[in-house]
Amino acid sequence: MLHPQRSLSELPKMSAASQVERAVLEEEFNWLLKEEVHSVLKQLQEILKEASRRFSLPTPGLESQLKQENFILGSSTMDQVKGVLTLQGEALTQADINLKVAKSSQVLHFQFREDKQWKLQQIQDARNHVNQALLLLSSRDNTYQFKTGAEVNKLMDAVMLQLTRARNRLTTPASLTLPELATSGLMKMFAPPMPGDVMVNFYINLSKLCLTVYQLHVLPPNTTKNFKPTGSSVLHNPGAMFELNNNRFEVSHVHKVECVVPWLSDTLVFFTISLQLCQQLKDKVGRHHQGLSLKQRHFLQGCVCFLAPLIFR
């Protein structure tokens, strides 16, 4: 409601009260930028350093000190594939696999050659993204003064992008075509060499180390009518077809075994906590900024409402 009877002398009182409120909000916001932001950045660094340590980062000259962990694959309900994998940081240093052939019940035994290791690219990439996030955080030490909320949000967005990419590398295994799998370097890792009708793949899915074994059979040359090459996938089902070196194959059996890697579970929890901290800081900065904007807008609206009847009466 407008009050034309008010005098202009009341305007300074309104202005002073609003200015006090705004000054309090600005003081709180400055404290947030100077103190609380750095407190959150410190927490993030501590959490991500712990995540980075879980990856067992190699120290130059101390490679042999990396912890080797053995994981048993297989289950009591499915004994076609059993094995033991040795994981050292990002590398599978040994794989010992027994495969019971479906038709003959013959057991085939394969293991890595002694001169070979298989790098798990997912772990490498996740580790690199964590390191990038740590670099971003360390670029703003305690002496750095953030000047605006937008500056804080920009840093949080960059850190969250690296953490999301790190998490996605562990939760989303690469899709491969069957020819890509058949010609990968992994197939040359074993002694004795794997027969042409067996393929394997290792990958990380969330906190699990997975092994998939494919048994194949060669399709006769006259199957052109029903031949449909299969596209890329994390896991191919029986009946999937592909062509390689003028031969056509079909997947006859698929065996998947897996085991939980505890430190990968820890790492995923660290990613979740860090992303939540980043988002909470962004929300807090946004609320303070919105409060200042609203206070300024309400003050201007009050001035207009107060002055309009005096000007136009």
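Which residues line the largest cavity?

## The cavity

The lining is made up of L176, T177, L181, N201, Y214, S233, V234 and H236. On a 1 Å grid over the protein atoms alone, a cavity is a set of points where a 1.4 Å probe fits but cannot get out, and lining residues have an atom within 4 Å of a point. Searching the whole structure turns up 1 cavity of 30 Å³ or more, and the volume of the largest is about 40 Å³, taken as the space filled by probe spheres set on the points. Its lining splits into 4 nonpolar, 4 polar and no charged residues.

## About the model

This is a predicted model, in which local features need pLDDT of at least 70 and side-chain atom pairs count only at pLDDT 80 or more, while totals for chains, interfaces and linings use all residues. Residues are numbered from 1 along each chain as its sequence is written, and side-chain values use heavy atoms, leaving out hydrogens and water.

## Strand β8 and its partners

Let's turn to β8, residues 208-218 (strands are DSSP E runs of at least two residues, helices H or I runs of at least four). Of its 11 residues, 8 are buried (under 20% relative accessible area, 1.4 Å probe, protein chains only).

β8 pairs (at least two DSSP bridges) with β7, residues 198-205, in the antiparallel sense over 8 bridges. The two form a hairpin with 2 residues between them, and L206 in the turn has a positive phi of about 60°. β8 also pairs antiparallel with β10, residues 247-260, over 11 bridges. K208 in β8 stands opposite N205, and its bridge partner in β10 is V260.

Terms used
On a 1 Å grid over the protein atoms alone, a cavity is a set of points where a 1.4 Å probe fits but cannot get out, and a pocket is an open set with protein on both sides within 12 Å along at least five of seven lines; lining residues have an atom within 4 Å of a point. Ala, Val, Leu, Ile, Met, Phe, Trp, Tyr, Cys and Pro count as nonpolar, Asp, Glu, Lys and Arg as charged, and the others, Gly among them, as polar. Buried means under 20% relative accessible area, exposed over 50%, partly exposed in between (1.4 Å probe, protein chains only).
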